[in-house]
Structure formats: structure tokens, C-alpha cells
Amino acid sequence: MPPLAKKFRFYYRFFTALITTYWQSILVGVLFGSIAFLFAPRLFRLVSHLHSTYTIAYVARPTLSELPLEIQRQISSGLTFTDTAGLPQPALSTGWQATDSGKTYIFTLQKNLRWHDGSPVKSSHIKYQFKDAKIEYPDDHTLKISLPDPFAPLPILASRPVFKDKLIGTGSYRAVSIRKNGPFIESLTLSPITPGNRQPQIKYIFYLSEKTARAAFKLGLVNSIADLTDPQELSDWPNSRVTTTTKHDRYVAVFFNTQSPLFTGSAGKSVRQALALAIDKSRWPGDQRAIGPLSPTSWAYSSDVKNYDQDLDRAKQLLQKNAAIPFPTLTLSTLPAYLSVAEMIKSDWQALGLTVEISVVPEAPSDFSALIAAQAIPKDPDQYYLWHSTQPGNITHTNHPRLDKLLEDGRKTLDPEVRRDLYLDFQKALVEEAPAVFLYYPQIYSVSRSK
């Protein structure tokens, strides 16, 4: 028999014996192999999606205790949350009672709440740092806060997210990875807490400047950038989408030092009103225009205040009647971010015949004549810290007995309708007094890659 025929017969007998002995295992292997061939691509895409990470650039340099509230709220909740009208609603608590005319608040926790580490949420875990407040824990589900004076805004303050330890919270995402450089967080990865949730992980990478965040986006290091003040070249970047949002939780204004010689007394009030009337507010149309100190989303907001639409004739009359002649050089201080706004206002004031100089400052100075800056708006209409004559947050040094009284009564009054009336009067009185010219709510931009 030829050698080739012998070799063929050997392999034929070998494979026949192999199949006869192991035919069941071979059949199972072929079946599973066929299934894997058909469904592996779909399974791969599913697993890839479940373990994917969406990366967001954020311009900030936070510590664990100073994470942006938007991120904190993904990880945990407070005793309350603030609804779209700015009113407190139950979150970790089922509700609360205000007793002793608003000096004591008793919160009752929901039952069966658990931290991300699986341990039950107890009232003693909740450590708010309220000034001059005494916090007691009668039992595991009750928290009692006692204050020296009635304080209506407290349920709003209790909306700040709470954590058991570091970033162990109760929210829909949990922190799974934190990269730090000293006390500062460089990146933070959050994972959905719900089993089977197909949402990707979220990784926040923190950058020191918008320039470096934009560079990271262009290099493909991040999927999106949150809260840019200026997208610049990214507006036309290939495969990118820019979303614009008006932030009604802050405003930009010209603040006057009401204790400087130029702005003090009744004559100073008229000068402030004249400068307010000289500014062209039509530069900020629609929902971007600010006319008062409260957010237009607040339940206590009023549009029934003096608008100070541009009126150069009236402005000139007020100056000629009340201002010292010749009018001294007016220094307009501004933070770098608002230099372009300062240039526009300088032009408006020069139309009155004034001499105006711009001073760019790295931070808000304690001594100024006029200053352009942004101010965060508290969630509660209480603005005692910002405008009461005794408070350090009152950078304009406003000292007006009626404003002080309205602010004092507003924070002590529990009845929401009475509070609303008090804050309506406060807004009218403050805008009439004109310690600041409210300009606009700033816009922010988010950039993401188009799908």
C-alpha cells in the first residue's frame, strides 16, 4: 500500500474513533460555538455599554467638602430638596414641624433608607453646621434643630446633601474612584447605584482653566465640558454641539459703595439712579435681563419694580440737579471676566459727559466706588446677609432702616403669604434705593460631541 494511503487510513480511523467516543462533547462545542459566532457582537456591545464611562470636564479645583452642588446631588440628598419654585420639599425626611414660633424644627427621616455602603441611615449621621444651632437626635429617625431666634429659611438650608463619611451618600450615583493631588480632587468617577442600570459611569475631570478644558476636549480626552463662560473656537469645532443656558441662580450687577462721598445721602441716591438710567439694558434681552435681587424662578419674585430702562435725558437731569460740579472722575472696578461689560458701561456713562476710568482687579476689593461683579442668589428669598446694614456680605454698605426691618421680618415669618408680601416690599425698596444696578443673569455653555 502506498505511504499516502496508509497515512489517510490512519487519520480516518483516528477521527472516527474520536467522534464515536466524544460525539456528545463535540456536538455541544459546535452548538455553543455557533451561538457565540452569531451573538458575540451584540453581547460585546452590551457589555461595552454597561462598563462605558462618560467623561466630563469641569473648571474647578474642589476639595471633598467643596464639590460643586450639582455633583453632590448626584451622590446624595439633604433632608429636603428645593423645587422649581424655590420651595422646600421632603427628601431624606418625610416632613418637618416648626414649633416655638420657628425656633425649633423637628425632621422625621424616611424609614429603610440606606447609605451606599449598605448601612442604615440614622439621624445621628446627619451633621449640618448651622450657626448658633443646637442639634439633637431623640431617636434614629428624628432630628431636632433648636435656634435662638425664629428662622424661616432653615428647611431650604437643609436641602444641602449630607454624607455619612467622605462621599458615602444616598443618591442615584456612588463615588467609586477619587484621584487627588493633596487636598484637591483631580478626578471623580461615579457609578449608577441601581442594579441593571444601563447608564454609563460618569467621570469628572477638574481643570484649572477653561483654556485647558477646551484643549482636553479637542484632544478627545473628555466627552463634554460643563459650565463654560465662553466656548470660543469650540462653537465651530467639528462634531460638537454647544448648549446655552441662562443661569437664574446668580446675577451680574454694578455695585455702588453707598458710603463713598459720591454716592452718600439723598444726592448720592439720585446720582446712583442717574447712572442706572444711563446704562443700555437692551443688550441683555428676554430672560437674561435682571431687574432685582431675586431669581425670577423664586416664589417670592416680583417684576413690579423700577426697571431703569435707558433714559439719558432723565439721567442728565438728575445729575445736574444733585451732583457736584464738576463731576469727579469715576473709577469703575471690574473683575477680568466682565471687562467687556465695563467697556460698554463706560461708554454709556461718558454719554452723560462723565470721565470714567476702568480698573481691572483680580478679586472684589473692599474699597471701591463702583464695581462690576457677579452675585450668587440664595435659594430662599432671605437676603439678610447681602443687604442688612450689620452684615459683612453687604458690600455696598447699604444702611436703610426700612430695608433692615423688612429683611429681619422676612426671615422670622413662617406664613409664606406674609413672607411673600414682605419680600415684594423689600424688592421694590431696594431697587428704588439703587445700591446696585442689576444687569443680567449670565449664560453658560456646555459642549458635547455630536452622536
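These legends go with a set of close-up views of a predicted model.

Residues are numbered from 1 along each chain as its sequence is written, and side-chain values use heavy atoms, with hydrogens and water left out. Because the model is predicted, local features need pLDDT of at least 70 and side-chain atom pairs count only at pLDDT 80 or more, while totals for chains, interfaces and linings use all residues.

**View 1. Helix 9 (residues 401-412) and its buried face.** Helices here are DSSP runs of H or I with at least four residues, strands are runs of E with at least two, and both are numbered from the N terminus. With twelve residues at 1.5 Å each, helix 9 should span 16 Å, and its end C-alpha atoms sit 17 Å apart, which agrees; the expected span is 1.5 Å times one less than the number of residues. Leu403, Asp404, Leu406, Leu407, Gly410 and Arg411 are buried (under 20% relative accessible area, with exposed over 50% and partly exposed in between, for a 1.4 Å probe and protein chains only). Looking down the axis of helix 9, these buried residues fall within an arc of 165°, so they line one face; the arc is taken from the directions from the helix axis to the C-beta atoms. Their cover includes helix 8 (384-387) and helix 10 (416-433), where contact means heavy atoms within 4.5 Å.

**View 2. Helix 10 and its neighbours.** Helix 10 runs for 18 residues and reaches 25 Å from first C-alpha to last, close to the expected 26 Å. Its buried residues include Leu422, Tyr423, Phe426, Leu430 and Val431, along with Arg419 and Glu433. Helix 5, helix 8, helix 9 and strand 17 are among the elements that cover them.

**View 3. Helix 5 (residues 265-278), mostly covered.** Ten of the 14 residues in helix 5 are buried, among them Gly268, Arg272, Gln273 and the run's last residue listed, Ala278. The cover includes strand 13 (250-256), helix 6 (312-322), strand 14 (330-334) and helix 7 (339-350), and helix 10 and strand 17 join in too. The end C-alpha atoms of helix 5 are 20 Å apart, which agrees with the 20 Å that its residues should span.

**View 4. The largest cavity.** On a 1 Å grid over the protein atoms alone, a cavity is a set of points where a 1.4 Å probe fits but cannot get out, whereas a pocket is an open set with protein on both sides within 12 Å along at least five of seven lines; lining residues have an atom within 4 Å of a point. The count comes to one cavity of 30 Å³ or more, and the largest cavity holds about 90 Å³ of space. Of its 13 lining residues, Ile291, Tyr308, Val431, Val437 and Phe438 are the closest to its centre. Strand 17 (residues 436-440) gives the largest share of the lining, three residues.

**View 5. The second largest pocket.** This pocket holds about 350 Å³ of space, a volume being the space filled by probe spheres set on grid points, which are joined across faces, edges and corners. It has 16 lining residues, with Lys127, Arg160, Pro161, Val162 and Phe163 nearest its centre.

**View 6. Two aspartates with positive phi.** Asp100, with phi near 55°, sits in the loop between strand 4 (93-99) and strand 5 (104-109). Asp227 also has a positive phi of about 55°, but its place is in strand 11 (residues 224-228). Asp100 counts as partly exposed at 49% relative accessibility, and Asp227 is partly exposed at 26%.
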